[in-house]
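Subject: Structure handover

Hello,

Here is the structure you asked for. Please open it alongside this note, and then read on for what was found.

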Amino acid sequence: MTHAVCPGSFDPPTLGHLDIVGRAAGLFERVTVAVLVNPDKAGLFTIDERLDLLRTDVAGWDNVEVDSFRGLLVDYCVERGIRAIVKGLRAVSDFDYELQMAQMNKGLTGPDGIDTLFMPTSPEFSFISSSLVKQVATYGGDVSAHLSPAVFAALTGRLGLQPG
Ligand code: PNS
């Protein structure tokens with residue numbers, strides 16, 4: 001099991017996401033960060049913007065690449081020979097839905113199919129989510145501690161705020 005995927009919406013990527021990606025990069029030979037293209041949900045950032053931000057954020061890891069996908073995550077994985085999905089768990093509240101998805105994804109792919117590995121988020125990131133960061137930033141709160149410099153600059157620019 002040498003190739004794992006870290007899937008998500010990443011609108012925008014946070015330091016919590018990078019915590020999981022970086023630790024996965026230490027465990028797997030190859031990690032793909034895969035951004036879901038969701039035609040039903042317009043994000044604050046376009047898919048191309050998210051890919052650019054992620055590429056900047058993961059530039060320090062040689063074995064991490066960034067991609068987007070449409071449709072079922074398991075189809076994306078099967079087409080690429082990926083056997084493992086790595087998901088971060090921030091709290092027990094994440095677990096119910098993540099467990100459902102993990103079991104559905106396993107069921108869709110059979111006994112030799114795709115397994116999901118849950119990685120506890122490092123405690124300093126356990127309360128961070130993309131949606132909360134966007135909400136706080138929208139009303140002028142300082143979210144610079146929760147984002148890479150590139151993402152913070154992009155977010156303040158998008159929201160028309162003065163950084164810092
Ligand atoms: O960052 P998110 O929004 O929590 O990521 C959720 C994501 C993208 C991992 C999940 O919605 C997903 O895998 N979507 C692709 C469609 C799919 O495979 N759905 C069935 C999941 S059991």
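First, a term: a pocket here is an open set of grid points, where a 1.4 Å probe fits, with protein on both sides within 12 Å along at least five of seven lines. Please keep in mind that this is a predicted model.

**The largest pocket**

The largest pocket has a volume of about 1300 Å³. Its lining is made up of 43 residues. Pro-7, Gly-8, Ser-9, Lys-87 and Glu-98 are the ones that lie nearest its centre. By type, the lining holds 20 nonpolar, 15 polar and 8 charged residues.

Which elements each supply at least two residues of that lining? Two groups do. The strands are strand 1 (3-8), strand 4 (84-89) and strand 5 (115-120). The helices are helix 1 (15-27), helix 3 (73-80), helix 4 (92-109) and helix 5 (130-138). Helix 4 gives the largest share, with 7 residues.

**The sheet**

Next, the strands. There are 5 of them in an open sheet, and their order is 3-2-1-4-5. The pairing is parallel. Strand 3 (64-69) and strand 5 are the edge strands, and each pairs on one side only. On average, neighbouring strands of this sheet are turned by 30° against each other, direction ignored.

Strand 1 and strand 2 (residues 30-36) run parallel and are joined by 6 bridges. Two residues that lie nearest the centre of the largest pocket, Pro-7 and Gly-8, can be placed against strand 2. Pro-7 stands opposite Ala-34. Gly-8 stands opposite Val-35.

Two helices to look at here are helix 1 and helix 4. Helix 1 packs on the sheet and touches strand 1, strand 2, strand 3, strand 4 and strand 5. The direction of helix 1 makes about 120° with that of strand 5. Helix 4 also packs on the sheet, where it touches strand 4 and strand 5. The direction of helix 4 makes about 175° with that of strand 4.

Why is strand 2 largely enclosed by the rest of the structure? Because 5 of its 7 residues are buried.

**The loop between strand 1 and helix 1**

Please check the backbone in this loop. Phe-10 is found there, and so is Pro-12. Most residues other than glycine have a negative phi, and most peptide bonds are trans. Phe-10 has a positive phi, near 55°. The peptide bond from Asp-11 to Pro-12 is cis, with omega near 0°.

Is Phe-10 buried or exposed? The relative accessible area of Phe-10 is 3%. Buried means under 20%, so Phe-10 is buried.

**Two exposed residues**

Asp-48 has its place in helix 2 (residues 47-57). The relative accessible area of Asp-48 is 56%. The cut-off for exposed is over 50%, so Asp-48 is exposed. Asp-48 and Ser-68 are 20 residues apart along the chain, and their C-alpha atoms are separated by 8.9 Å.

Gly-71 sits in the loop between strand 3 and helix 3. Gly-71 counts as exposed, at 56% relative accessibility. Gly-71 and Asn-38 are 33 residues apart in sequence. In space they are 8.3 Å apart, C-alpha to C-alpha.

Best wishes

Key. Residues numbered from 1 in each chain as written. Predicted model: local features only at pLDDT ≥ 70, side-chain atom pairs only at ≥ 80, totals over all residues. Heavy atoms only, no water. 1 Å grid on protein atoms, 1.4 Å probe; cavity = no way out; pocket = protein on both sides within 12 Å on 5 of 7 lines; lining within 4 Å. Points joined across faces, edges and corners; volume = space filled by probe spheres on them. Helix = DSSP H or I, 4+ residues; strand = E, 2+ residues; numbered from the N terminus. Nonpolar A, V, L, I, M, F, W, Y, C, P; charged D, E, K, R; others polar. Pairing = 2+ DSSP bridges. Axes fitted to C-alpha atoms, helices over the stretch in contact; angles between N-to-C directions. Contact = heavy atoms within 4.5 Å. Buried < 20%, exposed > 50% of the residue type's maximum accessible area, 1.4 Å probe, protein only.
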